[in-house]
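Work through these exercises with the structure open beside you. Try each task before you read its solution.

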Amino acid sequence: MGLKLQQSQHHHSVAVKVNEQMGTKRGYTFIQSNRAWLPKFLLLWVVVMAFISAWIYKKMDADSKVRREEVLITMCDQRARVLQDQFRVSVNHVHALAILVSTFHYYKNPSAIDQETFAEYTARTAFERPLLSGVAYAERVVHSEREKFERQHGWTIKTMEREASPIRDEYAPVIFSQETVSYIESLDMMSGEEDRENILRSRATGKAVLTSPFRLLGSHHLGVVLTFPVYKSKLPTRPTVEERIEATAGYLGGAFDVESLVENLLGQLAGNQAILVNVYDVTNSSDPMIMYGHQNQDGDLALVHESKLDFGDPSRKHQMICRYHQKAPTSWTALTTAFLFFVICLLVGYILYGAAMHIVKVEDDFHEMQELKVRAEAADVAKSQFLATVSHEIRTPMNGILGMLALLLDTDLSSTQRDYALTAQVCGKALITLINEVLDRAKIEAGKLELETVPFNIRSIFDDVLSLFSEKSRNKGLELAVFVSDNVPEMVIGDPGRFRQIITNLVGNSVKFTERGHIFVKAHLAENTKPMTEAKPENHFNGGLDEGMLISGAGHFKTLSGYEAADERNSWDYFKHLVLEEELRYDASINMAIADEASRGVTLMVSVEDTGIGIPLIAQDRVFMPFMQADSSTSRNYGGTGIGLSITKCLVELMGGHISFISRPQVGSTFSFTTVFERCKKASYNDTKKPVAEDLPSGFRGLKAIVVDGKPVRAAVTRYHLKRLGILVEFANSVKIAASECGKNGSSCGSKIQPDIILVEKDLWLSGEDGGLSLRMFDGKQNGHVFKLPKLILLATNITNVELEKAKVAGFADTVIMKPMRATMVAACLQQVLGIGKKRQPGKHMLNRSPILQGLLCGKKILVVDDNLVNRRVAAGALKKFGAAVECAESGKAALKLLQLPHCFDACFMDIQMPEMDGFEATRRIRMMESQANEQMNGSIDEDSASKGEWHVPILAMTADVFLATYDECLKCGMDGYVSKPFEEENLYQAVAKFLKSNPILGS
Amino acid sequence: MNHMAIAALKTQRRNLVQSMFDEGVLDNQFNQLQDLQDSSNPNFVEEVIALFCNDAERIITELNRYLNDQNVDFSKLDSYVHQLKGSSSSIGAYRLKLACVNLRQASEERNKEECAGAFNSIRREYYVVRSKLQVLMQLERHIVNLENQQ
């Protein structure tokens, strides 16, 4: 049920997450939210822009019209003014002429003017009157005086039609005339309707008077006649009309040839071509009379300007009307400006629209991607969870299957049946391994794999891994060895479980793919290798060229087993540098160590070398990809899924290192990786209850040994293990040399090394001249001396009974040190041989079954807290089996009571689900108690407590459903880990190994 | 003579255990339980089985009582079933454990009828496993007796 609940929670959380992510989708931008309006916006924009450009056009057009009008007005006014001024000047001149006539013709007696004088004078002053075609003087003649007048002048008065004038009251015959108009002499001006009226008006007003326009005599141009009265006597200051008429002597007239004159005038002015000028007499406003210009209405009628003209005759009104010759031209500037504006706006609008559409599209895509991403992530999480759950669920029935198979194998089976069952069992085990790996991978992918940081002993981890594979390697006849450089610190802080997993994976692979030769695990500080790798020219990497020379070439190479290895760095030529360097450094190492304390990090370089089948060149670049094996035939031949290396890579990278490999097909592979650990400060691990060093028996300290081995790398490995036990080691290449060495020592005073042990490699002993007998001889030599005989011990990877017998006969001790060597195992063997140390072996069968767990739990006092009697009993039984002293508590409260400080429990296994006070709560209270006690302790300076360290009893949860969430909660409330219930050995070991220091079985 | 009898009894024991495994009455945990029994703790399995039976009977009685109530107290029910589940998984009574899981599920769903059904199967499975274990214990005692006589 717990499981189901968890699942539903997970699903729920995934769903929530998805929803949340979807929620962010609502954060649309403005553009996105108005996407449907975009085309409408565009349309609106276009319409608005069209309006604006139309408006611009109109405005510009209007402006140009106004300008045109202004120009017209200016031109028109200018013309009117000029005309008017000219006219005035002429009028004034005529006036002056009138006064001249009155002065010289009437006041002077006799008259100073005759026709000749007048004609000449007027001709010479004609430039003063440019507007006048000519002037003439007509005398007033009343009818009574007509005869006298006619006689006097010698001609009769004629009408305009050049006929003798009929009788009238009054006549106005022209007596003087300018030459240009000489044809009017003797014509009666009163006979013309226009002139008569003019004359009458002028003499009444005494001012210049104009006729309305008419066709002039002679030129037939339109013109007006100007008439000035001439008075014979001086007028009173304010003369009446009668007085004026009475005083009138004659009339001076001039004809304005308006048409030609205006033409002339306008010709002088600029812009003559552009405009059309008409001059009208508008005295009678209903019927304007044209004075100049064409009557027909051509030109631009839309735009007309009228200017008033004042010619000095108040009774007559004139005006000038101007208009353009041509209609206003289309304003191309305005049109193009507006059009360009429209086009630009259109383009801008389109660009904006395009951009908006693009944004919309991109955002759509983005949201889609986001959604897909969320889904993919959710799917990924779900997948991981599913994997984790399913893997967990599969494990249970798989265990059942395996158990059944184990039972089945115990029964009487035919050989075929047994074979089937065995195969099934192997497959099942492989499946379990795979499931565990998948679970790991899922955890890593889900990011739920967190590394621990606990102090641990690197060397013992290597030993543990080796012991795991010792059986297999021995069966295959492989040399399996580990060498840890001396400068690698004993204790580092990191995740021992994961580190072990990495090495296990690599070594497991190597064991799987190697049929002969060796597997060599080497660890040293990364800094040490640098000079060597640099010095070494790497001329053949991974090349398959050398394949030919190794076929049967065992023993030629200076590697661990004599087989060639892919990476030569482990062969003796390079290896000895490391060893020698270490020896040189040995004295300085203490100083070094102190110096190294400063730097916290330790970069460890581990390489696992094998002489297996290697990795095909084509497959080398996908070795670290999950589920990729070199090729499909590999999995057929060797099994496995290929997930291991990908997990290993993940783990290495999690630990801050990197992994690489060098592999040559048919030669072997060398995987190297680095990991970064924290240096474990001595002070910090002295305080804790954690083991300071490996719990290796110290009883061998100071013993001396000679290792007889032809292969220097192997000898170095042997020495490494012996050194850990404190044994001084010398090398010898053959038994003979060793024997002679021994003999020499024997004969001398003994201050030099007298070996206590001689370790002989089996290969060396069996091969060549160092036959069994030479040992006897060696033995015999010793007999004569007081010295204790050195013990002869055989080192072997595998040994047959015959060989063993032979060895016994040859004088070797009963115990053969079976490789792979481990410090503890070597210690045990030596103990057996030398009889050093106690033989405290509680139950032989336990030793066989799970010595590590045994070592961890033996003698430990453990509290089991469970409300369930049966569970309690079973858990206690299991722990007791491993040698622990178990006490039980049936509730959290009882546990609290038992764990009142000070207590002497080494660990506590706590059920989680208990009535009243559950495991979490109980743990919390225990931790509280401890922290109080710790505070008090730190306050007081107490020798005892200082040595004891802080109170922290490891509490491990016992739970039936092992889930991450549960685990997290366990950690949260202060627990140190969990074990599944009922106990599984491996699980129990993993949990316990972190907290309990191993009790050496054969400890001193 | 004794040899033969012991061998026969052992075969019988093995067959019995095997049949229980085959039927799913027991699982691997029972093997581990048997492993825990050694010379320092010769009656371990029997002892645990006795404890288990007492515990299980007590819980079954309690469960029966709770299920017969008008208003079933599901949380109480659940805690009892949890205990029984723990005990049965400790001795490896696999089918009983499954029945417990069923009951927990039913009680989770507050489904009284299913609870009753699951409870019946618990009772049934319990009687099956108890009877078989009793037989097994008798065989065990026989073997021990015979071996002691030797």
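## Exercise 1: The interface

Chain A and chain B bury about 2,600 Å² between them, and 56% of that area is on carbon and sulfur atoms. This is a predicted model. The size of an interface is often given as the accessible area lost when the parts come together.

**Task.** Describe the contact between chain A and chain B by residues and by salt bridges.

**Solution.**
- Step 1. Start with the residues in contact. Chain A contributes 25 residues, and chain B contributes 32.
- Step 2. Look for charged pairs across the interface. The count between the two chains is one salt bridge.
- Step 3. Name the partners. Glu47(B) and Arg873(A) meet through their side chains, at 2.5 Å from N to O.
- Step 4. Check the distance against the cut-off. A salt bridge needs a side-chain nitrogen of Lys or Arg within 4 Å of a carboxyl oxygen of Asp or Glu. The pair Glu47(B) and Arg873(A) is at 2.5 Å.
- Step 5. Note the scores of the model. The ipTM is 0.80 and the pTM is 0.43.

## Exercise 2: Two chains, two profiles

**Task.** Draw up a profile of chain B, then one of chain A.

**Solution.**
- Step 1. Count the elements of chain B. There are six helices and zero strands. Along the sequence the pattern reads α-α-α-α-α-α.
- Step 2. Add burial and surface. Chain B has 150 residues, of which 50% count as buried. Its accessible surface is about 7,400 Å², with 46% belonging to carbon and sulfur atoms.
- Step 3. Look at contacts along chain B. Take those between residues at least 6 apart in sequence: 68% join residues at least 24 apart.
- Step 4. Check the confidence. Chain B averages a pLDDT of 84, and 99% of the residues score at least 70. Among its elements, helix 2 (residues 28-36) has the lowest mean, 81, and helix 3 (residues 44-68) the highest, 87.
- Step 5. Turn to chain A. It has 33 helices and 29 strands. Of its 1004 residues, 47% count as buried.
- Step 6. Finish with surface and contacts. Chain A exposes about 49,300 Å², and carbon and sulfur atoms supply 57% of it. Among contacts in chain A with a separation of 6 or more, 73% are between residues 24 or more positions apart.

## Exercise 3: Buried or exposed?

**Task.** Is Leu44(A) buried or exposed? Decide likewise for Ser90(A) and for Leu146(B).

**Solution.**
- Step 1. Set the cut-offs. Buried means under 20% relative accessible area; exposed means over 50%.
- Step 2. Place Leu44(A). This residue sits in helix 3 (residues 38-107) of chain A. Its relative accessibility is 51%, so Leu44(A) counts as exposed.
- Step 3. Look at the surroundings of Leu44(A). Together with Trp37(A), Phe41(A), Val48(A) and Ile52(A), Leu44(A) makes a nonpolar surface patch of about 460 Å².
- Step 4. Place Ser90(A). Helix 3 of chain A holds this residue too. Ser90(A) counts as buried because its relative accessibility is 0%.
- Step 5. List what Ser90(A) touches, leaving out residues up to four places away in sequence. The partners are Glu128(A), Arg129(A), Pro130(A), Leu131(A), Leu132(A) and Phe256(A).
- Step 6. Place Leu146(B). This residue lies in helix 6 (residues 112-149) of chain B. Its relative accessible area is 15%, so Leu146(B) is buried.
- Step 7. Compare sequence with space. Leu146(B) and Ala5(B) are 141 residues apart along the chain, while 8.1 Å separates their C-alpha atoms.

Methods. Residues numbered from 1 in each chain as written. Chains lettered and ligands numbered in written order. Predicted model: local features only at pLDDT ≥ 70, side-chain atom pairs only at ≥ 80, totals over all residues. Heavy atoms only, no water. Patch = residues over 30% accessible without salt bridge, like charges linked within 9 Å, V, L, I, M, F, W, Y side chains within 5 Å. Areas by Shrake-Rupley, 256 points an atom, 1.4 Å probe, with all protein chains shown as cover. Helix = DSSP H or I, 4+ residues; strand = E, 2+ residues; numbered from the N terminus. Buried < 20%, exposed > 50% of the residue type's maximum accessible area, 1.4 Å probe, protein only. pLDDT = per-residue confidence, 0-100. Contact = heavy atoms within 4.5 Å. Buried area = accessible area lost by both parts, 1.4 Å probe.
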